[in-house]
Structures are given as structure tokens and as C-alpha cells.
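Me: Hey, can you walk me through this one? I'm still new to reading structures.
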Amino acid sequence: MTQPVIAGARARTGGPEVDQTSVPGAQLCLDFYAGLASGIAVVTAPSDDGPVGTTVSTVTSLSADPPLLLVCLSHNSRTLAAITPGSAFAVHLLHEEQSGRARLFSTATPAERFAAESYEEVLGVPVLADTFAWSVCRTEEVRAYGDHCLVVGRVAALHMAGGRPLIWHDRGFHTLAEGGKR
């Protein structure tokens, strides 16, 4: 076992020795984050130059009453640039067989991303066809933290198609094991 790095920690007797002056580096943090399993989503928004969208692995429910979602987007994201307080965006949860769509929205140019996609506008936002589920949200707040921004959206419309979600873990796409609901 490697020695832990704990920022601002106080050494305690009987536990592992801790470097009290260091903080974990970015690569060590990224390696830790790779251990998190999460659903894959595509976030889309309208912009002056046409629809924009990006693949994300950080989407979570924030509140049921009122219905709020939280999305994390990189500071340099074109999609983030289109999301301002009062605007709207869509969150699309991808089916387990849609890893190609996730790659498309993470690597292609904005024009290429939408040229290959079927979508319609819902509340003025581009909504992709054939996803596991989608939600259109009104932007409540955008707040910067580190190299990303937290975007809080109030759910204004949603659709559940069903199926099984695409999962991101250990820097790769995965599917859920069979087992079903309890």
C-alpha cells in the first residue's frame, strides 16, 4: 500500500504516516476519480452559432422538490459558454449501446456532432432522439470551482424511454451487469 497524501491532515498515533504539507497532485486525483462509476450523458444547448453539446460523466440529481439537476462542465467548454442563468439546456442519458455517440460528442467539432444526429427542439433546446432519457432544464445557477463549473438546472420537461444506461468507469465505457431491480 502506498502512503496516503492528505491535505492539511494531522498525524495521529497508530495510523499511517501522512505528509502534512503536500496535497495530492492532479494525476493522483484523476486516478482516484477513475474509480468512480457514473452514467454517461450528453448536454446540449442552443447558441448563436447553432446547437452545441458535449459528453459528461458528472450529472446528479440535486432535489426532487423543486426538481433540480446538477451538471459539471469544463471552463473551456463551448456548451458551458452557451449556458447562462435564465437560459436552458438538455441532459440526455445514453443507452448502453451508445458509446459511439458519447465519443462523437466528446471529440468531434460542434458541426460534426449535430450533422450525424437526429434532434428536435424542445423549449428552444436541441433534444437528441433515441436516448435512454432526457430532461430540458432552465439554468438556475452557474458557479466556478477549480477547472469546472457547477451548473444547476430546474427540470422543465423530461422523457423516459427506458432501457439500460451507458456507464463510465476506469476511463472506459461499460454496461450494468444483469440483475434487475429489487
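Me: What's in the largest nonpolar core?
Reply: The largest nonpolar core has 17 residues, and those with the most contacts inside it are Val43, Val71, Leu73, Ile83, Phe89, Val91 and Val151. A nonpolar core here is a set of buried Ala, Val, Leu, Ile, Met, Phe, Trp, Tyr and Cys residues joined through side-chain atoms within 4.5 Å. Buried means under 20% relative accessible area, exposed over 50%, and partly exposed in between, with a 1.4 Å probe and protein chains only.
Me: Which elements give two or more residues to this core?
Reply: They are β2 (41-45), β3 (52-56), β5, α2 (78-82), β6 and β10. Helices (H or I, at least four residues) and strands (E, at least two) are DSSP runs, numbered from the N terminus.
Me: Is this a predicted model, and how are things counted?
Reply: This is a predicted model, where local features need pLDDT of at least 70, side-chain atom pairs count only at pLDDT 80 or more, and totals for chains, interfaces and linings use all residues. Residues are numbered from 1 along each chain as its sequence is written, and side-chain values use heavy atoms, with hydrogens and water left out.
Me: Back to the core. What is leucine 73 in contact with?
Reply: Leaving aside neighbours within four places in sequence, leucine 73 is in contact with Thr54, Val56, Leu80, Ile83, His148, Cys149 and Val151. Contact means heavy atoms within 4.5 Å.
Me: And threonine 79, buried or exposed?
Reply: Threonine 79 counts as buried, at 1% relative accessibility. Its place is in helix α2, and threonine 79 touches Val43, Val52, Gly53 and Thr54, not counting residues up to four places away in sequence.
Me: New topic: which residues of helix α3 are buried?
Reply: In α3 (residues 99-107), Ser99, Arg101, Ala102 and Phe105 are buried. Seen down the axis of α3, these buried residues fall within an arc of 160°, so they line one face of the helix. The arc is that of the directions from the helix axis to the C-beta atoms.
Me: What do they pack against?
Reply: The buried residues of α3 pack against β2, β3, α4 (110-115), β8 (125-128) and β12 (172-174).
Me: Cool. Where's the cis peptide bond?
Reply: A cis peptide bond joins aspartate 65 and proline 66, with omega about 5°. Proline 66 sits in the loop between β4 and β5.
Me: Last one: what's the phi of leucine 123?
Reply: Leucine 123 has a positive phi of about 55°, although it is not a glycine. Leucine 123 is in the loop between β7 (119-122) and β8, and it is partly exposed, with a relative accessible area of 44%.
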